[in-house]
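Let's take a walk through this structure together, one helix at a time. Have a look at the picture first, and then we'll start asking questions.

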Amino acid sequence: MNIIESTVFQTVISGVFIYISGEIIQKFFLEPVKDFYRIIGTIDNGLKYYAHFITSPNVAMIAAPDLHKALRKLSCDLEAAYKQIPTIWGLLSFLLSLLKIVPNTDSVAIAAQELIFLSNSLNDKAKSRENAAALDKIRHCLNIPVLGTR
């Protein structure tokens, strides 16, 4: 009996193939998207935690001197996490944004720019309305839902 024609051999080989395929999908597709959403969650929490400082920039200079560094780091982390999602000639990222699984490239770029804007605007000449608008724009670009606000 030829081993290649054996049912047991074919079952083992197909099981190994399915396992390897699953690991490839998990490592190269699912984990980068999960990490991207983790960063979005971190950004949402940071924006909510520091909202009173961001919308009152004069207070931020005194009360939260490291806030500008934190906002800049969030911007860099957002772009880095988005770049980890495989593109495969741009088709996969287009498909993921079309299915609303991840925001499109332009939305991520705008959100990152707005985080940098907020980082740079924490000074005595900043306008709280512009900062509040930037907060809203970031949430809109990253599809962050507004949960119960009172």
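How do the axes of helix H1 (residues 7-54) and H5 cross, and within what distance do they come? Keep in mind that this is a predicted model. The two axes come within 13 Å and cross at roughly 30°. If you look at how one helix passes the other, H1 goes by H5 in a left-handed crossing. On the H1 side, the residues that do the touching are Phe36, Ile43, Leu47 and Ile54, and they meet Val108, Leu115 and Leu118 in H5. Sort the residues of this contact by type and you get 7 nonpolar, no polar and no charged.

Now stay with H5, which covers residues 105-120, and turn to helix H6, residues 128-141. Here the axes come within 9 Å and cross at roughly 155°. An angle over 145 degrees counts as roughly antiparallel, so that is the label for H5 and H6. This crossing is left-handed too: that's how H5 passes H6. H5 brings Ser107, Ile110, Ala111, Glu114, Leu115, Phe117 and Leu118 to the contact, while H6 brings Glu130, Asn131, Ala134, Leu135, Lys137, Ile138 and Cys141. This time the mix is 9 nonpolar, 2 polar and 3 charged. Did you spot some familiar names? Leu115 and Leu118 of H5 touch H6, and they also meet H1.

Next up is helix H4, residues 91-98. Which of its residues are buried? They are Leu92, Ser93, Leu96 and Ser97. Look down the axis of H4 and you'll find these buried residues within an arc of 130°, so they line one face of the helix. What covers them includes H1 and helix H3 (67-83). Over on the other side of H4, Leu91, Phe94 and Leu98 are exposed.

Let's finish with a bit of backbone. Most residues other than glycine have a negative phi. Lys100 is not a glycine, yet its phi is positive, at about 60°. You'll find Lys100 in the loop between H4 and H5. Is Lys100 buried or exposed? It is exposed, with a relative accessible area of 66%. Asn143 also goes positive without being a glycine, with a phi of about 55°. To find Asn143, head for the segment after H6.

Terms used:
Residues numbered from 1 in each chain as written. Predicted model: local features only at pLDDT ≥ 70, side-chain atom pairs only at ≥ 80, totals over all residues. Heavy atoms only, no water. Axes fitted to C-alpha atoms, helices over the stretch in contact; angles between N-to-C directions. Helix = DSSP H or I, 4+ residues; strand = E, 2+ residues; numbered from the N terminus. Parallel < 35°, antiparallel > 145°, perpendicular 65-115°, else oblique. Left-handed = near helix turned anticlockwise from the far one by under 90°. Contact = heavy atoms within 4.5 Å. Nonpolar A, V, L, I, M, F, W, Y, C, P; charged D, E, K, R; others polar. Buried < 20%, exposed > 50% of the residue type's maximum accessible area, 1.4 Å probe, protein only. Arc of directions from axis to C-beta.
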